[in-house]
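Visitor: Would you kindly guide me through this model and explain the terms as they arise?

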Amino acid sequence: MSIYAAPIRDMQFVLQELVDLSAIASLPGCEEVSPDLVGAVLEEAGKFAAGVLDPLNWPGDQTGAQAKDGVVTTVPGFKEAYRQFVEAGWPALGGDPRYGGQGLPHVLSQQVSEMWNSANMSFCLCPMLTNGATLAIARHGSPQQQDTYLPKLVTGEWTGTMNLTEPQAGSDLSAVRTRAVPEGDHYRIFGTKIYITWGEHDMADNIVHLVLARTPDAPEGVKGISLFIVPKVLVNADGSLGARNDVKCVSIEHKLGIHASPTAVMQYGDEGGAIGYLVGQENMGLSYMFTMMNFARLEVGVEGVAMAQRAYQHALEYAKTRVQGREVGVKTGDRVSIIHHPDVRRMLLSMKSQTEAMRALAAAAAEALDHALLNPDPARRQQGQAVFDLLTPVVKGWCTEQSIKIASTGVQIHGGMGFVEETGAAQYLRDARITSIYEGTTGIQANDLIGRKIAYEKGATALAYIAHMRALDADLATHPAHPGLAAMRAALAAGLRDLEQATAWLLETYPRNPGAASAGAVPYLKLFGTVAGGHQMFRAALIAKARLDEGSTEHDFYRAKLATARFYAEHIMPLAHAFRVAVTEGSPAVLALEEAQF
């Protein structure tokens with residue numbers, strides 16, 4: 001079983017050379033962000049990930065959380081690890097300083113989140129959802145609600161959840177039936193919610209549930225949904241914990257992966273109604289919940305990066321130590337480890353290059369979010385929000401889909417041993433599999449991308465982002481004699497042509513035939529991710545070339561950057577053309593069969 005080692009050097013590269021760290025440090029509240037601070041945070045987070053979280057990952061997967069009579073017991077070690085997590089201040093990393101947070105930017109907290117998810121995704125789902133609940137209450141809650149809940153949520157003393165899904169209503173929230181009956185200064189909540197990650201556990205004294213429900217006079221559909229704070233334990237006026245609320249876990253799911261993360265079925269109101277507090281105004285709940293969901297979608301994309309990185313590390317160690325066969329073309333001599341075989345190297349480079357592209361693209365989205373939230377210039381805030389909105393479904397959808405393929409490649413490198421649970425490779429594939437499903441499936445992300453982010457604004461942000469990526473061509477053109485950079489320039493040009501053609505087709509087709517456009521939505525999302533990821537890789541290659549020309553002593557690191565970027569150009573970017581064809585020419589085939597013909 002391999003030991004996780006955080007890719008700190010690559011994260012530093014992303015933060016200090018791909019991201020404009022000086023611009024982030026100029027934002028209000030981020031003045032202390034410096035290369036030294038970044039290095040210190042990454043170093044300590046890496047130690048916590050490797051020393052505390054990673055040793056619990058495999059045993060947690062094998063044991064799983066346990067539920068009995070409404071009580072959920074986490075796997076051995078989780079409760080102690082969470083206490084260390086809180087005492088070290090990690091939950092507060094990006095939190096509001098007014099409530100005990102450290103106020104560090106998303107671009108930095110995102111890298112730390114990747115480490116923890118690589119080391120133990122089941123564990124990290126709990127603080128991820130808590131952070132989302134914190135954002136929703138901070139943005140939409142009343143001052144009293146903020147003062148009551150945020151100090152404990154920001155520091156991680158209490159945890160949070162989001163309760164959307166019901167048995168009869170999966171992703172279709174218009175079918176939500178949970179009831180909220182007004183009673184004085186609160187409501188009584190009645191209903192059942194399913195798939196509630198960390199909905200019940202023994203790691204914190206209280207769990208703050210954010211619950212979607214309908215008031216008696218609410219209109220039908222999504223316009224009639226309200227959002228409520230429903231704590232597991234009621235909070236007294238002085239902030240102390242009071243009586244247990246009428247909310248309980250009736251069971252936890254038996255899942256393909258993330259076994260140590262309890263996914264609960266929650267029952268509200270069996271004994272007179274759970275007490276809930278309205279957030280904001282009635283019937284505005286879905287828009288409020290999107291604050292939490294968009295943050296979670298970006299974080300789930302980071303989970304995809306994390307699972308890809310962990311699967312790569314595991315496969316790399318196996319490839320270096322598994323001795324089998326001789327080098328190609330050699331009939332005699334010593335047998336070699338399988339990393340000497342060209343096809344294994346191809347698979348490893350596929351894993352490594354795509355993971356680096358995913359990490360860089362996720363950081364670009366986080367950078368845009370930091371500017372959207374903190375930049376004092378209204379125009380720059382608006383631009384940051386637009387880019388964040390565009391990239392969020394891409395990061396969520398593309399990074400998670402790729403993580404599944406990358407984890408599957410990791411199993412393939414192990415050969416038959418990868419199919420055996422004891423080697424650990426299968427766990428990363430099982431854990432990664434959920435990432436493309438929750439917080440909105442890839443299809444939902446893709447339709448959001450082509451509908452709200454492309455068609456609704458007539459492609460303004462997408463076309464501007466394509467123009468931004470095209471500007472890299474001028475820099476690549478200054479190195480015509482370098483074979484790797486020349487290959488990257490050609491790949492970028494071809495990929496951008498395909499992306500422009502697909503975007504133009506969507507803008508023309510969506511208004512008159514949204515079904516045909518939707519048939520190509522997922523290929524379009526993958527096309528966008530592939531090209532945007534390539535853009536980040538080729539930026540990295542130019543930086544690496546400059547550092548080597550300057551005489552950097554980190555030869556191996558920067559040469560590897562050039563090598564992975566060239567591999568991406570020649571092995572990954574050509575997929576963009578196939579995705580474009582699927583978008584612009586593939587809808588008739590998708591829609592050809594009648595229901596009875598399937």
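**Contacts, rings and helices**

Guide: The charged end of R9 sits over the ring of F557, at 4.3 Å from the ring's centre. This is a predicted model, in which local features need pLDDT of at least 70 and side-chain atom pairs count only at pLDDT 80 or more, while totals for chains, interfaces and linings use all residues. Residues are numbered from 1 along each chain as its sequence is written, and side-chain values use heavy atoms, with hydrogens and water left out.

Visitor: What makes the charged end of R9 count as sitting over the ring of F557?

Guide: The term requires NZ of Lys or CZ of Arg within 6 Å of the ring centre and within 35 degrees of the ring normal. The 4.3 Å of R9 satisfies the distance limit.

Visitor: Why is the pair of W90 and W116 called edge-to-face?

Guide: Rings of Phe, Tyr and Trp (its six-membered ring) pair if their centres lie within 6.5 Å; planes under 30 degrees apart count as stacked, over 60 as edge-to-face and the rest as tilted. The structure holds 16 such aromatic pairs. For W90 and W116 the centres are 5.3 Å apart and the planes stand at 75°, so the pair is edge-to-face. W90 lies in the loop between α4 (78-87) and α5 (106-140), and W116 in helix α5, so their pair ties together parts that are 26 residues apart in sequence.

Visitor: How do you know that Y187 and F228 form an edge-to-face pair?

Guide: Their centres are 4.9 Å apart and their planes 65° apart, so both cut-offs are met. Y187 belongs to strand β5 (residues 186-197) and F228 to strand β7 (residues 226-231), so this pair joins parts 41 residues apart in sequence. Helices (H or I, at least four residues) and strands (E, at least two) are DSSP runs, numbered from the N terminus.

Visitor: Why is T291 called buried?

Guide: Buried means under 20% relative accessible area, exposed over 50%, and partly exposed in between (1.4 Å probe, protein chains only). T291 has 12%, so T291 is buried. This residue is found in helix α7 (residues 285-321).

Visitor: What makes helix α8 largely enclosed?

Guide: In α8, 25 of the 33 residues are buried, so the rest of the structure largely encloses this helix. Helix α8 (residues 342-374) reaches 48 Å from its first C-alpha to its last, close to the 48 Å expected at 1.5 Å a residue; the expected span is 1.5 Å times one less than the number of residues.
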